[in-house]
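Reader: I have a structure to look at and some questions about its parts. Could you take them in turn?

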Amino acid sequence: MKKNNTVSLQEYNTFGVAASTPLFVEIKSSLALQEKLKDEAFKDALILGGGSNILFIADLSRPVIKISIPGIRIINETEQIAVVSAGAGVVWHDLVMWCVANNLGGIENLSLIPGLVGAAPIQNIGAYGVELSDVFYDAVCINRKTGESRIFNAEDCDFGYRDSAFKNDLKDAYVVSAVRLALTKKNHSLKTDYGNVTETLAKMGVTKPNIEDVAKAVVQIRTSKLPDPKKLGNAGSFFKNPIVPKGECARLLLQYPNMPHYHIDGAFDKIPAGWLIEQAGFKGLKKGKVGMHDKQALVLVNYGTPSGKLLWKYAKLVMEGVEKKFGISLEPEVNLIR
């Protein structure tokens, strides 16, 4: 929608906050993306996917390129593995459901994660004990300066927890046009011991789960905990789960013996941010038209404000509360667009 020679971005972000851009284009092929990146008018454009992992804090002075490149197909396979290619504009959950329907295993735990495929390697999305990096084969990326195509393998991407080279050394240097995943065709290795996946499968009456059962369990869990952004503005998990040195985790366990925690390696543990936020008193706490969700304290919710600034102000209040109570600094998982 245009207003005063600008384009509204309100319908393009799942928080539903008001923001605008002076120039907007939607791209549906890699070739069109390469051409647009050579256009001087779009030199410093914001690359926008599903708008599910961003918070607009102000109107934009730069243009926006909306990525809507479609397509899912198997491009290579052996007896055990199939390499699936998906366009950056494919809805992530649609890809998961396509893979499950085709009995391709490895991403069933990542069901119902909001957003598009193109954001997956940038964020190294993950849930219920699985990360994209576990099944990542490579990604086709377009150089923003030259418009040239380059293949990035897992090593090139330098994946970390909710992190990659695309958020660090390669920030704003490339645009993802397609992602390829190596998935199992048989003898799937199921991961059901994270969160309450096992418990949910038991409630479903499933004793010998397959990938479809795991996907259904994850969808059930996420649906019960997370608000639908079409009904209530949100971007899913707003904060990263903090990773702390084992010594710090041990210190906190002395004071909070029931604190959930997960071993990362010999030196670090992960603590659920949702638990920290709830213990700090923010779960379900509303201030005006913003607040943390009453069923999942990790989710910042827009109860009707068009202001991204108000949402960020409340998020900072939560960060200060957790820091004061636990001495842990929370980091936003959501990208802040100023």
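Reader: Over how many bridges do strand 8 and strand 9 pair?

Author: This is a predicted model, in which local features need pLDDT of at least 70 and side-chain atom pairs count only at pLDDT 80 or more, while totals for chains, interfaces and linings use all residues. Residues are numbered from 1 along each chain as its sequence is written, and side-chain values use heavy atoms, with hydrogens and water left out. Strands (E, at least two residues) and helices (H or I, at least four) are DSSP runs numbered from the N terminus, and two strands pair if DSSP finds at least two bridges between them. Strand 8 (residues 72–77) and strand 9 (residues 81–87) run antiparallel, and the number of bridges is five.

Reader: Which residue of strand 9 stands opposite E77, and what joins the two strands?

Author: E77 stands opposite A82 in strand 9. Strand 8 is joined to strand 9 through three residues, and the link is a hairpin.

Reader: In what order do strands 4, 5 and 7 lie in their open sheet?

Author: Strands of a sheet pair through backbone hydrogen bonds, either parallel or antiparallel. Here three strands form an open sheet with parallel pairing, in the order 4-7-5. Its edge strands, each pairing on one side only, are strand 4 (24–27) and strand 5 (46–48).

Reader: Which residue in strand 7 stands opposite I27?

Author: Strand 4 and strand 7 (residues 64–67) run parallel and are joined by four bridges. Opposite I27 in strand 7 stands I67.

Reader: Why is one side of strand 16 and of strand 17 left without a neighbour in the sheet?

Author: These strands belong to an open antiparallel sheet of three, in the order 16-18-17. Strand 16 (243–245) and strand 17 (262–263) stand at the edges, so one side of each lacks a neighbour: each has a single partner strand.

Reader: Which residue in strand 18 is the bridge partner of V244?

Author: Strand 16 and strand 18 (residues 268–270) pair in the antiparallel sense over three bridges. In strand 18, the partner of V244 is D269.

Reader: At what angle does helix 7 run to strand 16?

Author: Axes are lines fitted to C-alpha atoms, for helices over the stretch in contact (heavy atoms within 4.5 Å). Angles run from 0 to 180 degrees between N-to-C directions. Helix 7 (residues 246–255) lies across strand 16, strand 17 and strand 18, and its angle to strand 16 is about 90 degrees.

Reader: Is F15 buried or exposed?

Author: Buried means under 20% relative accessible area, exposed over 50%, and partly exposed in between, with a 1.4 Å probe and protein chains only. F15 sits in the loop between strand 2 (6–8) and strand 3 (20–21). Its relative accessibility is 1%, so F15 counts as buried.

Reader: What distance separates the C-alpha atoms of F15 and N234?

Author: Leaving out residues up to four places away in sequence, F15 touches several residues, including G233, N234 and A235. F15 and N234 are 219 residues apart along the chain, and their C-alpha atoms are separated by 4.6 Å.

Reader: How many of the five residues of strand 15 are buried?

Author: Strand 15 (233–237) pairs with strand 21 in the antiparallel sense over three bridges, and G233 stands opposite N302 in strand 21. Strand 15 is largely enclosed by the rest of the structure, because the number of its residues that are buried is four.

Reader: Which backbone nitrogen does the side chain of H293 reach?

Author: H293 lies in the loop between strand 20 (290–292) and strand 21 (299–302). With 8% relative accessibility, H293 counts as buried. At 3.3 Å, its side chain reaches the backbone nitrogen of K295.

Reader: Is N187 buried or exposed?

Author: N187 is found in the loop between strand 14 and helix 5 (197–203). N187 is not a glycine, yet has a positive phi of about 50 degrees. Its relative accessible area is 66%, so N187 is exposed.

Reader: What is the relative accessible area of R162?

Author: R162 is found in the loop between helix 4 (154–157) and strand 14 (174–184). R162 has a positive phi of about 50 degrees although not a glycine. R162 is buried, with a relative accessible area of 9%.

Note on methods: Polar contact = N/O pair within 3.5 Å; in protein donor to acceptor, adjacent residues only side chain to side chain.
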